[in-house]
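Colleague: I should like to request a close look at a single part of this model, with enough of the surroundings to place it in context.

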Amino acid sequence: MDWTQFALKLIPVLLVFGAILNIVPFLVFLERKVCAWIQNRVGPNRVGLLGPDSPLEILGIKTGKVRILGGLLQPLADAIKLFTKENFTPKGADRTLFLLAPFFALLPPLLAFVVVPVGADFVFADGTVLKLQVADLNVGVLWILSVASFAAYGLAFGGWASDNKFALLGGVRAMAQMISYEIPLGILLLAVIMSFGTVSLREMVLAQAGWTAVSPDFTNNIWSWGIWQQPLAFVLFTICAFAENNRLPFDLPECEAELIGGYHTEYNAMGFGMFFQGEYIAMLSMGALIATLFLGGWHYPGFASLYGAGGWVTLLAIVLSFAAFSVKVMAFVFFSMWVRWTLPRFRWDQLMDIGWKGIVPLALANLLFTAFINLPPENKTPAHRQAAAAAVESVQAEKK
Amino acid sequence: MSAANHGHDTQPHGAGHGADAGHGHGHGAEGGDRPGILEKLYIPEIVKGLGNTFKHLIQPVFTIDYDGSERSNPQKYHTPREGYRGEHYLKKDDDGHVKCVACFMCAAACPAECIHIEAEATPPDWKNRERYPKRFEIDLLRCIYCGYCEEACPVDAIALSTVYNVVSGTREEKVYNVDRLLAQGEQLGLSLSKHHYRPDGVPGAVPEKSGHH
């Protein structure tokens with residue numbers, strides 16, 4: 001058993017999935033806090049480690065009278081509540097699908113994180129490379145497209161299997177909404193792929209960081225990020241991301257005022273918990289995708305100088321790259337929450353109109369425009385790739 | 001599609017909509033005019049909305065945290081407005097006796113029928129008084145805090161203070177009798193206060209400007 005290879009695979013898995021699964025409860029808490037601050041309220045501030053009602057008092061530790069950082073343990077209280085509630089299936093429900101639906105809502109967004117590079121490569125002294133990416137698939141973006149669409153099954157199963165008219169309505173609407181916003185998502189991704197010349201997410205981030213085959217070092221250039229190459233795609237992609245996650249203003253499938261809970265009305269305890277978590281993980285995965293495609297992934301200005309310094313400074317550069325990626329993802333998540341508490345919900349026909357009559361034509365126009373300006377194919381046809389590879393070899397031969 | 005005004009228009013506005021009932025080049029959002037092209041695009045509206053919510057995000061909160069600490073003692077730091085109708089108190093006259101003459105006007109005026117009075121003849125040494133209430137009880141759980149008793153009283157004996165956050169452990173504690181009501185007035189320093197009539201001449205007590213904590 002090659003322990004080196006095992007460790008090289010294990011570290012990114014622990015990093016990526018550990019980070020996601022531990023951040024999600026805090027995202028729930030953060031959502032409630034941001035919502036409260038926007039509404040001039042305080043939000044949850046009672047359940048904390050320091051203060052009169054702290055759970056540490058059970059262990060006999062006195063925690064004083066002043067409540068500092070109250071509310072940070074609220075996710076723990078939520079988790080305990082969800083674990084201890086009763087799980088029952090409604091009487092006429094389809095048992096299999098009812099149990100299966102939350103898994104379909106939870107797993108696909110997690111799987112979408114598999115191909116996202118979360119940090120720069122760490123090159124050991126003997127040449128082994130630790131890639132901070134769970135799986136460096138060379139079909140990168142296509143993997144995300146295919147896997148993330150499975151989440152729609154979860155919503156549809158939940159709506160159908162609940163034996164509840166309103167849940168069924170919510171599930172049907174969710175399916176229709178996700179399908180009609182996957183299509184412009186795909187078209188926009190085509191434009192982005194065309195503009196970067198590659199499908200692999202790792203290559204895309206390297207291209208934005210300035211690493212090309214001819215000059216393999218990073219140029220600290222914020223102007224090479226994807227958002228400058230594809231500004232319209234960035235705006236439309238953000239809108240489609242909101243629609244994919246069922247976030248307001250595209251909230252109809254699960255709108256709390258009209259359909260009570262939509263497709264997750266009949267779920268309680270962990271079923272609801274899994275739908276809920278799946279929604280936040282999907283939000284994180286969309287944020288990761290936007291960060292990777294448009295905001296430069298783990299790149300930040302000043303990365304090149306830190307990375308090339310060697311020794312502990314390189315390690316710092318890599319840690320900072322992970323931090324930069326996290327900041328970008330959390331910026332999208334915060335923006336998502338900010339928009340949620342700003343905009344009213346779209347009506348169903350308005351939603352479909354925006355998708356089909358607004359975003360699809362604009363995405364197609366964007367694709368056409370990208371195709372036109374990328375006409376002189378620099379590195380993108382096989383002949384040009386061979387020429388570029390020959391150039392790289394000659395450069396490396398000169399160095400030797 | 002003519003019914004949905006907020007669709008995402010992809011064509012320039014002057015071009016193809018002549019057949020519809022007047023999506024003209026209307027100006028702005030004042031007074032319900034037709035939305036202009038920038039409004040229909042919705043993105044500038046979103047940005048305006050985001051700016052508004054961000055402004056609220058960084059504003060201080062309005063919440064007063066009732067966590068029991070002195071810093072958030074509402075009696076000290078949050079006084080309601082002038083004329084706020086809180087809990088009742090009875091007033092005393094200059095001799096120190098309760099002003100109430102047990103005329104039953106407040107009990108009759110009360111919509112919730114929460115005032116119960118029993119009258120009795122005064123002891124001989126009370127000047128200018130014939131009756132006083134032997135039993136005067138207000139059930140503050142039935143009370144709706146309308147202030148009609150205060151308006152109805154002809155001798156300015158009962159009034160409503162601005163005390164609003166008194167809690168009790170049992171229902172019986174909230175049935176205030178004479179002593180409790182008098183003590184409430186003493187505690188607030190309003191036992192000897194006088195109320196004026198409203199400026200429009202309608203009978204109904206308006207509290208004095210001074211005197212509330």
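Colleague: In which loop of chain A is A:Asn246 found?

Modeller: The model is a predicted one, and A:Asn246 is found in the loop between helix H9 (231–244) and helix H10 (270–293) of chain A. The backbone there deserves attention: A:Asn246 is not a glycine, yet its phi is positive, at about 55 degrees. Most residues other than glycine have a negative phi. This positive phi comes just after H9(A). A:Asn246 counts as buried because 24 C-beta neighbours lie inside 10 Å, where 20 or more are required.

The helix that precedes this residue is regular in length. H9(A) has 14 residues, which should span 20 Å at 1.5 Å a residue, and its end C-alpha atoms are indeed 20 Å apart. H9(A) is also mostly covered, with 10 of its 14 residues buried. Among them are A:Phe234, A:Leu236, A:Phe237, A:Ile239 and A:Phe242, and the list also includes A:Cys240 and A:Glu244. The cover over the buried residues of H9(A) includes H6, helix H8 (226–229), H10, H12 and H13 of chain A.

Of the covering elements, H6(A) can be described further. Helix H6 (residues 165–196) of chain A has 32 residues and reaches 46 Å from its first C-alpha to its last, close to the 46 Å expected at 1.5 Å a residue. A:Gly197, which follows H6(A), has a positive phi near 85 degrees.

H12 and H13 of chain A, which are also part of the cover over H9(A), are joined by a loop that contains A:Arg345. A:Arg345 has 17 other C-beta atoms within 10 Å and is therefore partly exposed. The C-alpha atoms of A:Arg345 and A:Pro249 are separated by 4.4 Å, although these positions lie 96 residues apart in terms of chain separation.

Helices H12 and H13 also have a part in the interface. In total, 19 residues of chain A are in contact with 17 residues of chain B. Helix H1 (3–38), helix H12 (312–340) and helix H13 (348–373) of chain A each supply at least two residues of the side of chain A that touches chain B. The largest share, eight residues, comes from H13(A). By residue class, this side of chain A divides into 10 nonpolar, four polar and five charged residues. H12 and H13 of chain A are thus named both in the cover over the buried residues of H9(A) and on the side that touches chain B.

The wider setting is chain A as a whole, with 14 helices and two strands. The radius of gyration of chain A is 23 Å, close to the 21 Å that the globule rule gives for 400 residues, so chain A is as compact as a globular protein of that length. Along the principal axes, its C-alpha atoms fill a box of roughly 70 × 55 × 50 Å. Buried residues make up 42% of the 400 residues in chain A. Of the contacts in chain A between residues at least 6 apart in sequence, 75% join residues at least 24 apart. Chain A is divided into domain 1 (3–43 + 85–399) and domain 2 (46–74), and the C-alpha centres of these two domains lie 36 Å apart.

Chain B offers a counterpart to A:Asn246. B:Asn128 lies in the loop between strand S2 (115–121) and strand S3 (131–139) of chain B, and its phi is positive, at about 60 degrees, although B:Asn128 is not a glycine. B:Asn128 counts as exposed because it has 7 C-beta neighbours inside 10 Å. Chain B has six helices and seven strands, and 15% of its 213 residues count as buried.

Confidence should be kept in view when chain B is examined. The mean pLDDT of chain B is 74, and 67% of its residues reach 70 or more. Among its elements, helix H4 (residues 105–109) of chain B has the highest mean pLDDT, 93, and strand S7 (residues 205–206) of chain B the lowest, 51. Over residues 1–31 of chain B, pLDDT stays under 50, as pLDDT does over residues 201–205 of chain B. Where pLDDT is low, the predicted coordinates should not be read in detail. For the model as a whole, the scores are ipTM 0.77 and pTM 0.75.

Key: Residues numbered from 1 in each chain as written. Chains lettered and ligands numbered in written order. Predicted model: local features only at pLDDT ≥ 70, side-chain atom pairs only at ≥ 80, totals over all residues. Contact = placed C-beta atoms within 7 Å. Helix = DSSP H or I, 4+ residues; strand = E, 2+ residues; numbered from the N terminus. Nonpolar A, V, L, I, M, F, W, Y, C, P; charged D, E, K, R; others polar. Domains from an automatic or database assignment. pLDDT = per-residue confidence, 0-100. Rg over C-alpha atoms; globule rule 2.2 N^0.38 Å. Buried ≥ 20, exposed ≤ 12 C-beta atoms within 10 Å, placed from the backbone. Expected span 1.5 Å × (residues − 1).
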